[in-house]
Amino acid sequence: MRISELKLHSIAIADPPLRSSYGLHAPWALRTIVELHTDDGITGISETFGGEGPRAALEAIRERVIGMDPFQLAGLYEDMSRDEAVAAHAPGDRSQTWLVPGENPLDQKNRTFAAIEIACLDIIGKAIGKPVCDVIGGRVRDRVSFSAYLFYKHGGGGGDGSYQDQYGVVLDPAAAVKECRQMIAEYGFKEIKLKGGVLDPSLEIETIRQLRAAFGPRIPLRIDPNCAWSIGTSVSVGEALHDELSNGGYLEDPCPELSGMSGVRKKLLEKGVEIAIGSNVAVTAFPDVTRAHELDAVQIVLSDPHYWGGLRQVQYLSHLTQVLGMGLSMHSNSHLGVSLMAMTHVAAACPNLTYACDTHYPWQAESDEIVAGGRIRFENGSVLIPDKPGLGVELDEDQVARGRERYENIPYRKRDDEAEMRQHVDPGWKRVLPRW
Ligand code: GKR
Ligand code: MG
């Protein structure tokens, strides 16, 4: 079996005005849908970061991919690793902290490989009649739980304005609790993540306290300000939220750099505050994991098949974190159902992945879904491994064509939350770290 065709679809999907320390989400999120066809008539699919950069990187390996045997993934990874254009990954590189995920050049090889790997695993699953999680070694769970992912946000819809999410303006603690109630009522999530780094830390502390009061101690809570706080502020927030962030919760990327988080951990322990610190900003590749462990800067690593190099690399990460006694969770960015299924399959096959995975899925419009049959269903906050070969989903070609048309008609070619923030909220806004 050989790959005979590589098709790339650049699409745009409506995205609400979500806030984070990066700035503001644009009305459109960009994704790339990958289709690989084989000479014996099988099609494998994947979904990855959108816009010009990720697409160009995929185009650059087109010739290497066409004609390849989809089982021979290690050779592809090896060839891509030799590519001079892929810079050596320096642990704690500053660009990790500053660039929005998906735009980090340090992740390019892994990001590009992952998009091909996932589509190849879909092909292999279809060829042998097995779900992807079983192709990669077998599942340790049949259903994967996801977390409610709360954002402070502005009102108004994403896209051309016709998409209005049901959450409205969320810029204070009470509105965040309401958002959470709505999301949990619809999806049944059993863990909660709050994207912080937006309001004054005292209001974000209050939000977490109100969430605890509303949902009780059985629902683990995590807060992620994407490095917006100084070491001192991170320590104060950790102290203030000691109870709320214990019991299966964590403090995620409170401040910039591994050295900063190591300082936070040390100071919190000195004060008798034992809460885990998670990261998807300072830890994005294997060299970061060992460094983070040595410094005791991070106790929970957020994986993500899209930039860690695909499903198998996330399994290696599961093993490494388990050996080091670290926890494993999963990061997300705006995405549709193909990504959700790739995340679900790999999470099912990672023994150490015991935290509910992040997902932006509730923020995307039903009308933009490109998976045949519509949105993926959640049951009690979980996605079930479908009893179908491969990823278990197919593309709705008309929906992909609509997504392509939207992409062609908009000026966006790259995510830039800072520019959006300046255009729509505050003309003088800059990403300042730490802000508080
Ligand atoms: O969508 O604004 C966002 C998030 O901030 C996302 O880009 C982050 O990558 O969710 C992410 C995180 O956990 O850092
Ligand atoms: Mg994060």
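**Exercise 1.** Which residues in α12 meet which residues in α14? Describe how the two helices pack.

*Solution.* The model is a predicted one.

Step 1. On the α12 side, the contact is made by F286, V289 and H293; on the α14 side, their counterparts are Q313, Y316, L317, L320, T321 and L324.

Step 2. Sort these residues by class. The contact of α12 with α14 has six nonpolar residues, three polar ones and no charged ones.

Step 3. Take the geometry. Two packed helices are described by the angle between their axes and the distance between the axes. Helix α12 covers residues 286-294 and helix α14 covers residues 311-324; they pack at an angle of about 15°, and their axes are 11 Å apart. Angles under 35 degrees count as roughly parallel, and the packing angle therefore makes α12 roughly parallel to α14.

Step 4. Add the handedness: the crossing in which α12 passes α14 is right-handed.

**Exercise 2.** Work out the strand order of the open sheet of three strands, then place helices α5 and α15 against its strands.

*Solution.* Step 1. The order is β1-β4-β5, and the pairing is antiparallel.

Step 2. Find the edges. These are β1 (3-14) and β5 (43-49), each of which pairs on one side only. From one strand to the next, the twist averages 20°.

Step 3. Look at one pair in detail. Strand β4, residues 28-38, is joined to β5 in the antiparallel sense over seven bridges. Within the sheet, T32 stands opposite T48 in β5.

Step 4. Add the helices. Helix α5 (residues 108-128) packs on the sheet and touches β1, β4 and β5, with its direction at about 155° to that of β5. Helix α15 (residues 337-348) lies across β4 and β5 and runs at about 100° to β5.

**Exercise 3.** For the open sheet of seven strands, give the order and the pairing, and explain why one side of β7 and of β13 is left without a neighbour in the sheet.

*Solution.* Step 1. Read the order as β7-β8-β9-β10-β11-β12-β13, with parallel pairing.

Step 2. Locate the ends. Strands β7 (148-151) and β13 (327-330) are at the edges and have a single partner strand each, so one side of each has no neighbour in the sheet.

Step 3. Give the twist. On average, neighbouring strands of this sheet are turned by 25° against each other, direction ignored.

Step 4. Check one pair. Strand β10 (residues 250-252) pairs with strand β11 (residues 277-279) in the parallel sense over two bridges. The bridge partner of E252 in β11 is G278.

Methods:
Residues numbered from 1 in each chain as written. Chains lettered and ligands numbered in written order. Predicted model: local features only at pLDDT ≥ 70, side-chain atom pairs only at ≥ 80, totals over all residues. Heavy atoms only, no water. Axes fitted to C-alpha atoms, helices over the stretch in contact; angles between N-to-C directions. Helix = DSSP H or I, 4+ residues; strand = E, 2+ residues; numbered from the N terminus. Parallel < 35°, antiparallel > 145°, perpendicular 65-115°, else oblique. Left-handed = near helix turned anticlockwise from the far one by under 90°. Contact = heavy atoms within 4.5 Å. Nonpolar A, V, L, I, M, F, W, Y, C, P; charged D, E, K, R; others polar. Pairing = 2+ DSSP bridges.
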